[in-house]
Amino acid sequence: MKKFVSIFKNKDIVGRIFFTVMILFVLRIGAAITVPGVSVGSELSDALNSGNAIAMMDLLGGGALSNFSVFALGVSPYITAQIIIQLLSKDVLPALTELSKQGQYGRKKIEMATRYLTLLLGAVQAYGIIMTMQNNSYISLTMEDNFWTYAYIVTVLLAGAMLTMWLGDQITEKGLGNGISVVIFAGCVRSLPVQLSTAWTKWITANVDHGSTELITGAFQFALYILAFILIIAGVVFFETSRRKIPVQHAGKSGPSASMSKASYLPIKVNSAGVIPVIFASSIMMAPSVIASFISPEASEAKWLTIFSYSEMYEMPWFNGETWGMPWGLLIYLALIIVFAFFYAQMQMDPEQLSENFQRNGSFIPGIRPGKETARYVGKVLNRVTCIGALALAAISALPLVLVLSGVFGNDSSLAIGGTGMIIIVGVCIELNNQIDGLLAGKSFEEVSGGMQ
């Protein structure tokens, strides 16, 4: 309670909160405006509830894809462009590698290259989404079916994506939190009240007139659903805040103070990659259907594409003319998440570079020799921690898909608890809380400094 009072007494924090809310309000208005020349079918809402790649795109768009709005692409092209540029900066393209070492100037150049790549990827992704959704009867055109109509819709979607990216940058500069993360966070939070309301209607309201036995059963099911929600949130919080601390000592720091001893460790997050592996894996899973849409409508409806759908069972022949289903899409999806979790963790923390920094600063890990042995030790610890994090991330991401495939909720797959959304919500909440604590601490320091003067 004391913290809330301190927040509302701080004009800077109140101004940042108000600015962030206003930007999100603008995004919600844009999410309600359907692209001119497009009619949205009722099948789209069912597809968004099925936990497939289109549902992931709706998540990254802050819920704007449900109306095929002008903000339908969301920040997905920008995130994909960022990941590609980061990958190319790791000794793949020498020019980008050099820019990454040139401080502020290099960061500005890399950011400009990311934005240009966002334009290219956004245009390709926009056309792929249009064709995919048309072939599945999710949308239909109300204008003439020609090149200029498609060019017009792609331009509108691309303009919406760039505006969303710009608004996200404004939140980062003048609001609270990382703007891109906050945009995705708003889309995740938006679906929670609807999800809980649907569960209440299904298990409580619908059973009121069916007798006390059905009502008690429904109440028990609803209570289990809420309990599962709470347990998943608690698990994600534990997962997001867990760290492996490697003790570090500094040369010439004999007899460190209590404050120094607290800071003398290297923290390695269990989930250092965040939701980046999930986003990248989803983009790759969508790629075959997007490429097929470029070829022809018939190619985009090919049966083999079901292999890359992680919300469907792929039917394979069996004895006596029978078939059996295998969730190949889900297995490929989970394998990609684990691979990218390891890859991105290595990008976030390079053991060899860390070892060089330790030697340069006169720091060392007790019992470990400086140099290659330190790099080898840090790499071994990082791999072990990342293994736990990757498996946990894959399990949380697979939860809603497994629930949908198992038919636990019957035909109403919208009740499936989204693990990916929970990771985003918890991660952004922790980030916002840390930023607010930092602003409050800065204000307290200014007040103390002013009183001493």
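**Exercise 1.** Which residues are linked in a network of salt bridges?

*Solution.* Let's set the ground rules: this is a predicted model, where local features need pLDDT of at least 70, side-chain atom pairs count only at pLDDT 80 or more, and totals for chains, interfaces and linings use all residues. Residues are numbered from 1 along each chain as its sequence is written, and side-chain values use heavy atoms, leaving out hydrogens and water.

Step 1: apply the criterion, a side-chain nitrogen of Lys or Arg within 4 Å of a carboxyl oxygen of Asp or Glu. The structure holds three such salt bridges.

Step 2: Glu-111 pairs with Arg-115, with the closest N and O atoms 3.2 Å apart. Both sit in helix H7 (residues 103–135; helices are DSSP runs of H or I, at least four residues, numbered from the N terminus).

Step 3: Asp-169 also meets Arg-115, at 2.6 Å, N to O. This pair links distant parts of the chain, since Asp-169 lies in helix H8 (residues 147–174), 54 residues from Arg-115 in helix H7.

Step 4: the network therefore consists of Glu-111, Arg-115 and Asp-169.

**Exercise 2.** Classify Asp-169 and Arg-115 as buried, partly exposed or exposed.

*Solution.* Step 1: buried means under 20% relative accessible area, exposed over 50%, and partly exposed in between (1.4 Å probe, protein chains only).

Step 2: Asp-169 has 17% relative accessibility, so Asp-169 is buried. Arg-115, at 23%, is partly exposed.

**Exercise 3.** Find how far apart the end C-alpha atoms of helix H5 are, and compare with the expected span.

*Solution.* Step 1: the expected span is 1.5 Å times one less than the number of residues. For the 13 residues of H5 (residues 76–88), that gives 18 Å.

Step 2: the end C-alpha atoms are 19 Å apart, which agrees.

Definitions and conventions: Helix = DSSP H or I, 4+ residues; strand = E, 2+ residues; numbered from the N terminus.
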